[in-house]
Amino acid sequence: MRLVEKYVNFIKKIKILIIVLWLIVLGFSIWLAPKFLGETSSDFNVPDDTPSHIANEVLREEFPDIDTETTIVVVIYNVNGTSLCNETRDFSYALRNSLLSSSFSDLVTDINGYFFMMEIGLPEAAFGYVSDSTNTTILEISLVQWSEDETSNFIEYLKELVISIEPEGFTILLTGAEILFEDMQKSAERDIIMMDSIVLPIALIILALVLRSFRLMILPIISVGFSIATSFFLMYPLARVMPVFSFVPSVIMSLVIALSIDYSLFLLSRYREELLKERANDDSVQEMLEHAGHTISVSGITLAITFLGLVFFPVGLLASIGLGAVVCIAVTLLVNLTLVPSLLILFGKFFSNFSLLERKKKKLPEKEQPRKLIELQNQMKSIWFKLGKFTTRYALPIIIIIFAFAIPISIQTMKIGTTIGENHIMPRNADSSNAFAILKEDFQPGILGPMYLIIETETTNEVISPEFFAFSRNIIINISEQTEITNNSFITISWGQGFVIPFFIALNYLNPLSVSYNSTEGLLYRMMFERYTNEDNSTVLIDIQPNFDPFGSYVEDWIKDTREILNDFQTNSSYNIHLAGGSTEVVDAVERVYSLLPITCAIIVAIVYIVIAIMFRSILIPFRLILTIGLTISWIYGLSALIFDVGILDWLFPALRDIDSLYWATIPMSFSILIGLGLDYDIFLLSRVSEFRNKGYTERASVIKGLYKTGGIISMAGIIMAISFSGMIFSNVMILNEFGFILTIAVLLDTFVIRTILVPAIMSVADKWNWWPRKPPEPTRDELYIE
């Protein structure tokens, strides 16, 4: 109490300074916060000691030109018939000529397509750019990436160019890693606009129904605005020095809306309650900070600790989500514990004078006993008081029934599978996603995500030998025979998309004295040789463009199987062999994350146990809290398995039909939040129960009155938070759908089943052991006692 008094006195002295400082921060935030959205990336940043990182370092060192390459594919679809027509030919040449004569010509390293291959006399290669039905053809544009801005400007120019020369009756679509990522950023921006325009107003309307004061409603709006702007402002410089994944802004937005309104509800409902007791404004602010302020502080700190677990994962995607969450939690707490009380104290007459308070004052009799009688009557009518009496009276049957419902669903958690499939992170119905779907269906989709097999020898020019040619060919043959990849997916100095390049023929192409040296084939081979060997001819690159989706679920197994084959070859040779590019980094990221996940979860649970044990000076309460949170988590993951793995709702939601598991990052991302959300409401309920128990109420009475005082607030807070998270369910990115579903249903389940029914029942059964080893005061009051 003394600490709270000192804090309130401190705020009274510098309240104007606090408001001015926040206004200055808001000014900088308005300037820099919007730039945060443009600084997000799709980099995973795997640990340095993983095979993919080592392989990619070798690729960057030995083949720097290939490392900076990216590919854009132009998909040309003729609605009315074949794509091998004059219109397609004219479009192809017009596009090539425009690009090569534009200011971006230095970025374009190559343009390939059916008509260009036919022009140089390579009909077999030409038909690789045409679908079996011939109604679709593609152009492959190879770029060198000097900077993100230049690549982005080129893409915008290419889009405008395609629109200006697109033949009538044709559908022209663009896809590629950079275009897909741009669409992911645009999707994130649309999600944020949707949350701003739909989710936030609904959440505020529900809060208004609880507070029943337009004046008090100004504060949550201020809290949300300052918290969002400041969080984005602080994340902007961080995003410039570390990779922040593209959907982190959407996660931050949902968290800020949920927490800001939740904390405003806890604080302002207590502030209003104290005013209705006819306390002075400053005293009401002090009581608000002592109880609700303490609750949100412990809740926020514990929630931040759970998110810090993500920061220590050595993968950029999870670390950036964890860091973003910690930043927005810290900012939201600071706003609610400094700016909000400063405004309440400075403008006390305005905020403490609302119509509900005046009506209550008129209705309340002056004498104390009639006042207590009215409070008792209100208490007896309350649904939460009745629910508290019911759950504590029939505690054991309620516990058995809830567990009987939960266990069969929780067991479904065993069916959860994870995938690295790109359809979880690509925006649905975006042109780039539709073009990629066509590419997977009719062409070699590996051109957008090529992998590279690198063979390092020990001496200069060692790759120009019959032994090395035979060694590299044997690797290709073994991989194509032992996995699902076809042998025409490989290109290197000894192999050309399904056919062997004998050493003696290659040597003729490389020998200036040979007759074949000046032939077209000789010229093309030397170009290929220069591309796939390093400067001193000691290292060779094998280009792998798989016939399957290079970002799909199957590629994970293929990479692991291929690495085993390569390990066998490396063991029996003096060469170093690496597999780089494509999804190799994602596979290593998943393996590392899931190897660390059990340890991280154990540490988070241990920290939660210690914090709650210290807060309530009890050993049993944190154990019960972890048990009920664990039930919520297993229950919601079981439901997720039924929906996303088993597919029980595929008939209702077409978007789920292509999904057979959760995205690999969903579980690590959601686990921390689920623990934090469970703690949030449990601490709020427990704080009130503990408050009544310390005043001398019996165990049962403390639980009943605690639920009576907090049940309505917890329910409204749960609804508001569920609405905030539900915005992600309506995103067109599947991982956000998964994330939003898990959080929304978990909040509702936790709010209306776990915290308001199961927790009171368990605490009723535990009785005096709830507080062990602490000894609370002797019980002298029952639930009918009114202070």
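# Burial, sheets and a nonpolar patch

Biologist: Of the 787 residues of the protein chain, what percentage counts as buried?

Modeller: This is a predicted model, in which local features need pLDDT of at least 70 and side-chain atom pairs count only at pLDDT 80 or more, whereas totals for chains, interfaces and linings use all residues. Residues are numbered from 1 along each chain as its sequence is written, and side-chain values use heavy atoms, with hydrogens and water left out. Buried means under 20% relative accessible area, exposed over 50% and partly exposed in between, with a 1.4 Å probe and protein chains only. By that criterion, the buried share of the 787 residues is 57%.

Biologist: How many helices and strands does the protein chain have?

Modeller: Helices (H or I, at least four residues) and strands (E, at least two) are DSSP runs, numbered from the N terminus. The C-alpha trace that carries these elements spans about 115 × 55 × 50 Å along its principal axes. The count for the protein chain is 27 helices and 11 strands.

Biologist: In the open sheet of four strands, which are the edge strands?

Modeller: Two strands pair if DSSP finds at least two bridges between them, and four strands with antiparallel pairing form an open sheet in the order 2-3-1-4. Strand 2 is joined to strand 3 (residues 136-144) by five bridges, with Asp110 having Ser142 as its bridge partner in strand 3. The edge strands, each of which pairs on one side only, are strand 2 (108-113) and strand 4 (170-176).

Biologist: Which helix lies across strand 1, strand 3 and strand 4, running at about 95° to strand 4?

Modeller: Contact means heavy atoms within 4.5 Å, while axes are lines fitted to C-alpha atoms, for helices over the stretch in contact, and angles run from 0 to 180 degrees between N-to-C directions. Helix 7 (residues 148-165) packs on this sheet, touching strand 1 (69-78), strand 2, strand 3 and strand 4, and its direction makes about 170° with that of strand 4. The element that runs at about 95° to strand 4 is helix 18 (residues 431-442).

Biologist: Why is strand 10 described as largely enclosed by the rest of the structure, and how many of its six residues are buried?

Modeller: Strand 10 (576-581) is an edge strand of an open antiparallel sheet with the order 8-7-9-6-10. Six bridges join it to strand 6 in the antiparallel sense, and Leu453 stands opposite Leu579 in strand 10. Strand 10 is largely enclosed because the number of its six residues that are buried is five.

Biologist: Which helix gives the most to the nonpolar patch?

Modeller: Patches are made of residues with over 30% relative accessible area and no salt bridge (a side-chain nitrogen of Lys or Arg within 4 Å of a carboxyl oxygen of Asp or Glu), and nonpolar side chains (Val, Leu, Ile, Met, Phe, Trp, Tyr) are joined within 5 Å. The patch covers about 1,000 Å², with areas from the Shrake-Rupley method and a 1.4 Å probe. Among its residues is Phe350, which lies in helix 13 (residues 348-351) and counts as partly exposed at 36% relative accessibility. With seven residues, the element that gives the most is helix 1 (residues 2-32).

Biologist: Is Asp750 buried or exposed?

Modeller: Asp750 is found in helix 27 (residues 734-766). Leaving aside neighbours within four places in sequence, Asp750 is in contact with Thr632, Leu677, Gly678, Tyr681 and Arg755. At 3% relative accessibility, Asp750 counts as buried.

Key:
Patches are made of residues with over 30% relative accessible area and no salt bridge: like charges are joined within 9 Å, nonpolar side chains (Val, Leu, Ile, Met, Phe, Trp, Tyr) within 5 Å.
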